[in-house]
Amino acid sequence: MKALVGGIEAGGTKFVCAVGTGPDDFRDEVRFPTTTPDETISRCVEFFRGAEARFGTLAAVGVASFGPVDPNPASPTFGYITSTPKPGWRDTEFAGVLQRELGLPVGFDTDVNVAALGEAAWGAAQGLDTFLYLTIGTGIGGGGLVGGQLMHGLIHPEMGHIRLPHDLTADPFPGVCPFHGDCLEGLASGPAIERRWGCPATELPPDHPAWILEANYLALALVNFICTLSPQRIILGGGVMEQTQLFPMIRAKVRELLADYIRAEAILTRIYQYLVPPGLDNRSGVLGAIALAQRQIGEATAEGVCEPKNPGGINR
Ligand code: ADP
Ligand code: ZN
């Protein structure tokens, strides 16, 4: 039997804390808004102490954090949230506080790397060793595994901040990224859509021209990631991807941009299984945090292979 562990999905808007061993054994969960670091991290500690009183000792805790973060265990600032523009959270120690307060091993990584782990363990990336998980929401971020390893390197990938061709005649919107203006996140995040069209993304009808532009920007980014990292699959999550009509539009544009150059059946004939939504819906982050905690104590999670979902239907 697997050891009971804790997981935290630490978002810029809300936190989700849970204890369990996987999707079929989820014992308890709590959600609360992200306020100050002190108050928010204390609530996590309180929840896990309460869970230990009810369910017994936890073996480890995993954290899927908004960022940028320092995920390097050899660094003096390991487990910190670093250069975030979120007020009050810059240079905040996170994993170390949990480790001291709870006396448990703590795994710590970016929200998207951890969501990717969750998808590898129980979702749409089972059996794959090189794949990406992207979130298109308040921000845009990407993570995943390359050759079975979570991507870190210099710090960690920042796939939301790549530069794209931006035709200012077709789209004069300057972008919303406070660092770069019209990077991918600046042009295609939920807040970018809202600012460009003067209306929340949630309120734009499915046939609004906003979605054609959105699909084109996302496809440009994906083609760059496909050519650079050669992923076996790309999972697209986050609030904006609730617009499921985007999936067939993005698939078609990716095919057009790649122009039959990458001769893989996954792209040429099965792209509807290649660019897919998360298999764990909106639970990839918190379940990934559980998987990360299990990794921390040497428990493997990947099991079986599943067929990815295909919203928006098959697309040639
Ligand atoms: P976060 O990125 O903050 O963790 P989400 O992934 O839910 O949270 O992303 C929130 C963003 O996604 C907001 O900008 C919101 O407008 C947009 N969004 C949420 N739901 C939808 C939807 N159904 N259609 C279009 N945009 C959405
Ligand atoms: Zn940027």
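Contact means heavy atoms within 4.5 Å. Axes are lines fitted to C-alpha atoms, for helices over the stretch in contact, and angles run from 0 to 180 degrees between N-to-C directions. Helices (H or I, at least four residues) and strands (E, at least two) are DSSP runs, numbered from the N terminus. The model is predicted: local features need pLDDT of at least 70, and side-chain atom pairs count only at pLDDT 80 or more. Residues are numbered from 1 along each chain as its sequence is written.

**Exercise 1.** State which strands helix 6 lies across, and at what angle it runs to strand 8.

Solution. Helix 6 lies across strand 8, strand 9 (140–146), strand 11 and strand 12. Its angle to strand 8 is about 155°. Next, place these strands. They belong to an open sheet of five strands in the order 10-9-8-11-12, with mixed pairing. Two strands pair if DSSP finds at least two bridges between them. The edge strands, strand 10 (149–150) and strand 12, each pair on one side only. Further in, strand 8 (residues 131–136) and strand 11 run parallel, joined by four bridges. Tyr 133 has Ile 235 of strand 11 as its bridge partner.

**Exercise 2.** Check the length of helix 7 (residues 246–258), then find what covers its buried residues.

Solution. The expected span is 1.5 Å times one less than the number of residues. For the 13 residues of helix 7 that gives 18 Å, and the end C-alpha atoms are 18 Å apart, so the two agree. Now burial. Buried means under 20% relative accessible area, exposed over 50%, partly exposed in between (1.4 Å probe, protein chains only). The buried residues of helix 7 include Leu 246, Phe 247, Ile 250 and Val 254. Their cover includes helix 6 (209–229), strand 11 (234–237), helix 8 (265–268) and strand 12 (275–276). Just after helix 7, Ala 259 takes a positive phi of about 55°.

**Exercise 3.** Describe the sheet with the order 3-2-1-4-7 and the helix that packs on it.

Solution. Start with the order: five strands form an open sheet, and the pairing is mixed. Strand 3 (25–33) and strand 7 are the edges, each pairing on one side only. Neighbouring strands are turned by 15° against each other on average, direction ignored. Helix 9 (residues 284–296) packs on this sheet and touches strand 1, strand 2, strand 3, strand 4 and strand 7. Its direction makes about 135° with that of strand 1. Finally, take strand 7 (residues 106–110). Five of its five residues are buried, so the strand is largely enclosed by the rest of the structure. Strand 4 (residues 61–65) pairs with strand 7 in the parallel sense over five bridges.

How values were computed. Chains are lettered from A and ligands numbered from 1 in the order in which they are written. Side-chain values use heavy atoms; hydrogens and water are left out.
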